[in-house]
Amino acid sequence: MSTTPIRRRFDRAGATYEAAARVQRLVAARLAALCPPALAGNVLEIGAGSGLLTRELLPRHDGGTYVALDLSAGMLTRAAMPGAVKVVADGERPPFGPGSFDFLCSASAMHWYADPAASIAADLRLLRPGGGFAIALYVAGTLWELAEASRATGFGAVFPMRPAAFYKELFASLPHVTATITEERHVVRHDSVRAMLGSLKGAGVTHTPGVKAGSPRRYREFARHYEARYATGGAVETTYVVAMIRAPATERTDQSSARSNGMGLYR
């Protein structure tokens, strides 16, 4: 899968993301609560975007380099994250050598990976032995209402999320990795179907594989269908299912301390 369509959508969403990213803001805060209260050494954040998680974690960081990596230059250009080193790159092809970081974090990003089994394993090899990580990504069940309404009316499509079991099996298969995985379900309410779709567009969450069908007639059918089934109390609901994956760091070595002083990040 080419990353170009994903990058373009997030580039366009750079100016609207912060206002639209309601669930992403919540997930960033939830993931930050699972991260260590103090972060030392080199930290890599993959999918930093507008800096929702970055701004939660930067005040905890002392020593070394905090790298905020994102596929979208449009997002990073607008991101307020003083103290972080911004790197425009693909999280599936990061420009760093093995063992370069003491901690890795990522919120609302890795579910976009074309080959998560290979790429997440490769990302974790960027950690020094014993390095810790915290990852939040969306799994099957996310936007299930939107997917059902799309199938029923032929309007639009939803990016296919992998089931949580996929990630549980993946992390269980990784050598020398002991991760804790929990699932969270968040429901976001919008005033209307139009507002819900506008929020998704504003947050850049519009990429789907293949061709999306759409027409004024199909949109009206979609809106009626969605509101008839998923509106409560004057608002429509959308569900997000999040896998929270973490592993604490173990005691650092002398070699990692040298890297924490900013040496040897790029390959």
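Buried means under 20% relative accessible area. Thr238 has 1% relative accessibility, so Thr238 counts as buried. That is one detail of a predicted model. The rest of this report builds outward from there.

## Around Thr238 and His190

Thr238 sits in strand 10, which covers residues 235-247. Which residues does Thr238 touch, not counting residues up to four places away in sequence? They are Leu143, Glu145, His186, Val187, Val188, His190, Met196 and Tyr226.

One of those partners is His190. His190 belongs to strand 8. Its relative accessibility is 7%, so His190 is buried too. Leave aside neighbours within four places in sequence, and His190 is in contact with Arg22, Ala195, Met196, Ser199, Ala235, Val236 and Thr238. The side chains of His190 and Arg22 are also joined by a polar contact of 3.4 Å.

Look along the chain as well. His190 and Glu237 are 47 residues apart in sequence. Their C-alpha atoms are separated by 6.5 Å. Glu227 and Leu26 make another pair, 201 residues apart along the chain. Here the C-alpha atoms are separated by 25 Å.

Glu227 lies in helix 10, residues 216-230. Is Glu227 buried or exposed? With 37% relative accessibility, Glu227 counts as partly exposed. Leaving aside neighbours within four places in sequence, Glu227 is in contact with Val193 and Val236.

## The nonpolar cores

In soluble globular proteins, nonpolar side chains tend to be buried together. In this model, the largest nonpolar core has 52 residues. Which members touch the most other members? They are Leu53, Leu57, Met81, Val193 and Tyr226.

Take Leu53 from that list. Beyond its neighbours within four places in sequence, Leu53 is in contact with Ala28, Leu31, Ala32, Glu45, Cys105, Ser106 and Ala107. Apart from the largest core lies another core, of 30 residues. Its members include Phe96, Leu126, Ala164 and Tyr167.

## Helix 6 and its cover

Helix 6 runs over residues 116-124. Its buried residues are Pro116, Ser119, Ile120, Ala121, Asp123 and Leu124. What covers them? The cover includes strand 2, strand 6, strand 7 and helix 8. Strand 6 spans 101-107, strand 7 spans 127-138, and helix 8 spans 164-173.

## Two cavities

How many cavities of 30 Å³ or more does the structure hold? There are 2. The table sets out their volumes and linings.

| Cavity | Volume | Lining residues | Closest to the centre | Classes in the lining |
|---|---|---|---|---|
| Largest | about 480 Å³ | 38 residues | Gly47, Asp70, Ser108, Ala109, Trp112 | 24 nonpolar, 10 polar, 4 charged |
| Second largest | about 80 Å³ | 13 residues | Ala20, His190, Ser199, Leu200, Tyr240 | 8 nonpolar, 4 polar, 1 charged |

Several elements supply at least two residues each to the lining of the largest cavity. They are helix 1 (4-12), helix 3 (22-34), strand 2 (43-46), helix 4 (52-57) and strand 4 (66-70).

Now turn to the second largest cavity. Helix 3, strand 8 (180-190), helix 9 (193-202) and strand 10 each give two or more residues to its lining. His190 appears again here, among the residues nearest the centre of this cavity.

## Two residues with positive phi

Most residues other than glycine have a negative phi. Ser108 has a positive phi, near 60°, and Ser108 is not a glycine. His176 also has a positive phi, of about 60°, although His176 is not a glycine.

Where do these residues sit? Ser108 is in the loop between strand 6 and helix 6. His176 is in the loop between helix 8 and strand 8.

Are they buried or exposed? Ser108 has 13% relative accessibility, so Ser108 counts as buried. His176 has a relative accessible area of 85%, so His176 is exposed. Ser108 has already appeared in the table, as one of the residues closest to the centre of the largest cavity.

Note on methods
Residues numbered from 1 in each chain as written. Predicted model: local features only at pLDDT ≥ 70, side-chain atom pairs only at ≥ 80, totals over all residues. Heavy atoms only, no water. Core = buried A, V, L, I, M, F, W, Y, C linked by side-chain atoms within 4.5 Å. Buried < 20%, exposed > 50% of the residue type's maximum accessible area, 1.4 Å probe, protein only. Contact = heavy atoms within 4.5 Å. Helix = DSSP H or I, 4+ residues; strand = E, 2+ residues; numbered from the N terminus. 1 Å grid on protein atoms, 1.4 Å probe; cavity = no way out; pocket = protein on both sides within 12 Å on 5 of 7 lines; lining within 4 Å. Points joined across faces, edges and corners; volume = space filled by probe spheres on them. Nonpolar A, V, L, I, M, F, W, Y, C, P; charged D, E, K, R; others polar. Polar contact = N/O pair within 3.5 Å; in protein donor to acceptor, adjacent residues only side chain to side chain.
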